[in-house]
Amino acid sequence: MNKVIVSDSPHIRGVRTTKGIMLDVCIALLPACIMGCVYFGWKALLVLALSCISCVASEMVYQLCLKKKFKTILAEFDFTSLVTGMLLGMCLHSNVPWYVPIIAGVFAIVVVKMLFGGTGKNIVNPAITGRVFAFISFQAVMISGWAMPTIKAIKPLAGNITSGATPLTQMLGNGVENIGISNLDLFLGTGVMGCIGETCKLALLAGGIYLVVRKVIDWKWPVIYILTTGVMTVLINSIAIKSFAINTFLPSILSGGLFLGAIFMATDYVTSPYTNKGRYVYYPILGVVTALLRHFTKIEVVSFAILLMNLFVPLINTYIRPRIFGEPTLSEKIKAKRQAKQAAKAAKVEGGEAK
Amino acid sequence: MKAKKGKLFRRGIHIADKKQYSKMSYIQDAPVPEILSISLAQHIGKPADPIVAVGDLVKQGQLIGQASGFVSANVYSSVSGKVIAIEKRPNPRGQTSDYIVIQNDFEYDALSLEPLTDREPKTIIERIKEAGIVGMGGAGFPTFIKLSPQTPVDTLVINGAECEPYLTCDYRLMIEHTSEVVQGIRLLAKALSVTNIIIGIEANKPDCIELFEQYDDIQVAVLKKAYPMGSEKHLIYCCTGREVPVGKLPADAGCVVQNIATAFAVYEAVEKNKPLYERVLTVSGKCIGNPSNLRVKFGTSFEFLFDYCKLDTTDLTMLICGGPMMGSTLLSSDYYTRKTDSGLLALDSTEVDFKDPSPCIGCGRCASVCPMKLLPMAIDFYTQAGDYEGAKKYGGVLNCIECGSCAYVCPARRSLVQSIGLAKSQLRKK
């Protein structure tokens, strides 16, 4: 008889693998990357390429330093570092100097991911932390020098182009009336300044739908995050101007990096809660935190908000867990407690009478 | 009685049932080899004590292993012949136990139990105990203990789900021996003194549902095809809507669950006075040239059965005893049929997808399919760190039914069931 495999049950497995899922995420990111390159030209392509190469290369070099064989590194390559590289490039703007994506990429992979133990062990999202690191370290180049879409044909459909500030900073600083651009333009990214991957919401949405169809993410979570951010912004503005500010709803969710963050970064498996119950707690809080931080800091804070909330994920994972099949439900528990209390009371009264 | 729709349990997984290989083949008697090795530990609990010696002549249906202790079961000889050895051998799970090796004389000189005079609950239970009947779905818990529950019981649930892929032995029994199975079910109900009988059958067996609908005292519950529908707790939930409380037995929810094969064995023991020494077993998989449902005598070697069903070894990758989700892989085919074996599978490389585990990415798929609503990734995490109390507290490991749904969907191919087994055994040691 020839050799047979002996393993633990189950002996048949599903078709999904980590590699396949991460490849799906890369495919879903492509439309937004392509639109970024169309809008912002070859410089955008350069930034994306640099950050991808930096991330993938630093992961491989790190593993080589751990004396892993190059063959096994290639065999174990699971596209997670490529996803990090693409996301990192997408949340930089196209005019950043060449060293920014490289340094941010090395930081994201080596410090945030590999030092914590590699794939699945990082406590915060590497791409977001890389961006925040670059934002703090190279503040001058990160918040100024936004590129205008280079191709002349892509002009805003309505309104004027204000140079020097993104629509979101414009809105946060000077109020929604001075945003100077229509919601449709914000949705399509035409004539909108911003980071490479975040301006074309249509492309991001297409990628998100691909992920939902491939069952990589659940549609509920990005939707919950985006909606709570919008509703919270409306609420805050209504209180500030003492009248119902519904006109801030669409601009607030369509500008800035909210779509990119909600679809691709907040839904990152490693740094989001692993039960649905936990996710129902996580995403609304994330939305509220984003809206509040945006209002008080007057800058784009989606990445900061996600980074902050990432740190609470272990807490949510530990204390919020589903009801085990056969465990009493919450109402049953309360009922049992009340009955026990009454029984104790009755016993006490009886005891007193006996005395 | 007209079939009712069963309730749905949340979660679980959907697997291709792959029953087409052996679904249409009639139950046939397997040939009997020259030498049979009958295990004395074919059930949960204490192994039976051998009551024959080397050199003794035994008859078919003669008691050769006496139940020792409360949780134990009698073992009968499945052929007539001479005992040539009593020796220790490993079973597919790796535990060693005593085997009685019998040289078959091909006479089939049969001995049967004494006919019963009445059909009182006590007599039926006594007969079931005497015939050595155990739960034949895989666990092997002695049936007579299940039939004398500590708490009042009002419902008998019969497990006709057969949710494991490939296996068709219960299906064939339901089709070919409907009236016998029904009589067995009625005897079980009588032993429990209940009148409410529900049989749960998955929707992929419409012919079985039709057959059981003709009986007025049996309620058919049509279950959605999902794995693990055959799990006791989920079957009870889907058939009656009751949840078995955490850490309690089905009897605490007023139910007793019995398997189709067990019901058939009860019928044979009570009406035909035949002790349990053979069962129906499915031999299937892509490497089997002739997939079939065989009536096999206990002690027949797996190798003999594989040969009979034309095992093709060119692309053989895995041999499994039981179903592909909960069965155990075989190191070789040098093992012997027992009461609990419902299937023998030989899978090729297209059916088995073996990859090394990679780190957990926290996708939460395992938790989203766990039918017990546990957190397998947390159990794995704490177990790998050696913190078994943590696995119990945060993952709920002791409630696991080890159905393997979590490991089936895991994209990182973590050995979750192995971690769970380790944590459970370590916690039990304390």
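This tour moves through a predicted model, one selection at a time.

**Chain A as a whole**

Begin by selecting chain A and colouring it by secondary structure. The chain has 17 helices and 0 strands. Its C-alpha trace spans about 95 × 80 × 35 Å along the principal axes. Of the 355 residues in chain A, 52% count as buried. Taking contacts in this chain between residues at least 6 apart in sequence, 74% join residues at least 24 apart.

**Two positions in chain A**

Select A:T80, which belongs to helix α4 (residues 80-90) of chain A. Is this residue buried or exposed? A:T80 counts as buried because its relative accessibility is 9%, and the cut-off for that class is under 20%. Display the side chain of A:D78 as well: a polar contact of 2.6 Å joins it to the side chain of A:T80. Leaving aside residues up to four places away in sequence, A:T80 touches A:M22, A:E59, A:K113 and A:T119.

Next, select A:E332 in helix α17 (residues 330-354) of chain A. With a relative accessible area of 45%, A:E332 is partly exposed. Add A:T233, which is 99 residues from A:E332 along the chain; the C-alpha atoms of these two residues are separated by 38 Å.

A salt bridge within chain A can be shown by selecting A:E76 and A:K68, whose side chains meet at 3.0 Å, N to O. Both partners may be checked for exposure: A:E76 is partly exposed at 46% relative accessibility, and A:K68 is partly exposed with a relative accessible area of 33%.

**Where chain A meets chain B**

Now show both chains and select the residues in contact. On this interface, 38 residues of chain A are in contact with 64 residues of chain B. The two chains bury about 4,300 Å² between them, with 60% of it on carbon and sulfur atoms. Within chain A, the residues that lose the most area to chain B are A:I12, A:R13 and A:F325, which together account for 21% of what that side buries.

Which residues form the salt bridge between A:R323 and chain B? Select A:R323 together with B:E243; their closest N and O atoms are 3.2 Å apart. The rule finds 1 salt bridge across this interface, while the count of residue pairs in polar contact is 16. Helix α1 (residues 18-40) of chain A gives the largest share of the side of chain A that touches chain B, 3 residues. By class, that side of chain A has 16 nonpolar, 12 polar and 10 charged residues.

**Helix α6 of chain B**

Move to chain B and select helix α6 (residues 232-240). Because 7 of its 9 residues are buried, this helix is largely enclosed by the rest of the structure. The buried residues are B:K233, B:H234, B:L235, B:I236, B:Y237, B:C238 and B:C239. Show the strands of chain B to see part of what covers them, including β1 (4-5), β10 (155-160) and β11 (196-202). Just after the helix, B:G241 takes a positive phi of about 80°.

Also in this region, select B:E232 and B:K146, which form a salt bridge with the closest N and O atoms 3.1 Å apart. This pair links distant parts of the chain, 86 residues apart: B:E232 is in helix α6 and B:K146 in helix α2 (residues 143-146) of chain B.

**The two domains of chain B**

Colour chain B by its domain assignment, which gives domain 1 (4-20 + 115-271) and domain 2 (365-429). The C-alpha centres of these domains lie 28 Å apart. Their contact takes 13 residues from domain 1 of chain B and 13 residues from domain 2 of chain B. Between them the domains bury about 1,000 Å², 64% of it on carbon and sulfur atoms. Select B:R11, B:I13 and B:H234: these supply 47% of the area that domain 1 of chain B buries against domain 2 of chain B, more than any other three residues. Between these domains there are 0 salt bridges, but the rule finds 4 residue pairs in polar contact.

**Last stops**

Inside domain 2, select B:K424 and B:E402, a salt bridge with the closest N and O atoms 3.0 Å apart. B:K424 is buried, with a relative accessible area of 8%, whereas B:E402 is partly exposed at 29%. Finally, select B:E268, B:K274, B:E278 and B:K297, which are linked in a network of salt bridges. Over all chains, the structure holds 23 salt bridges.

Definitions and conventions
Residues numbered from 1 in each chain as written. Chains lettered and ligands numbered in written order. Predicted model: local features only at pLDDT ≥ 70, side-chain atom pairs only at ≥ 80, totals over all residues. Heavy atoms only, no water. Contact = heavy atoms within 4.5 Å. Buried area = accessible area lost by both parts, 1.4 Å probe. Salt bridge = Lys/Arg side-chain N within 4 Å of Asp/Glu carboxyl O. Polar contact = N/O pair within 3.5 Å; in protein donor to acceptor, adjacent residues only side chain to side chain. Helix = DSSP H or I, 4+ residues; strand = E, 2+ residues; numbered from the N terminus. Nonpolar A, V, L, I, M, F, W, Y, C, P; charged D, E, K, R; others polar. Buried < 20%, exposed > 50% of the residue type's maximum accessible area, 1.4 Å probe, protein only. Domains from an automatic or database assignment.
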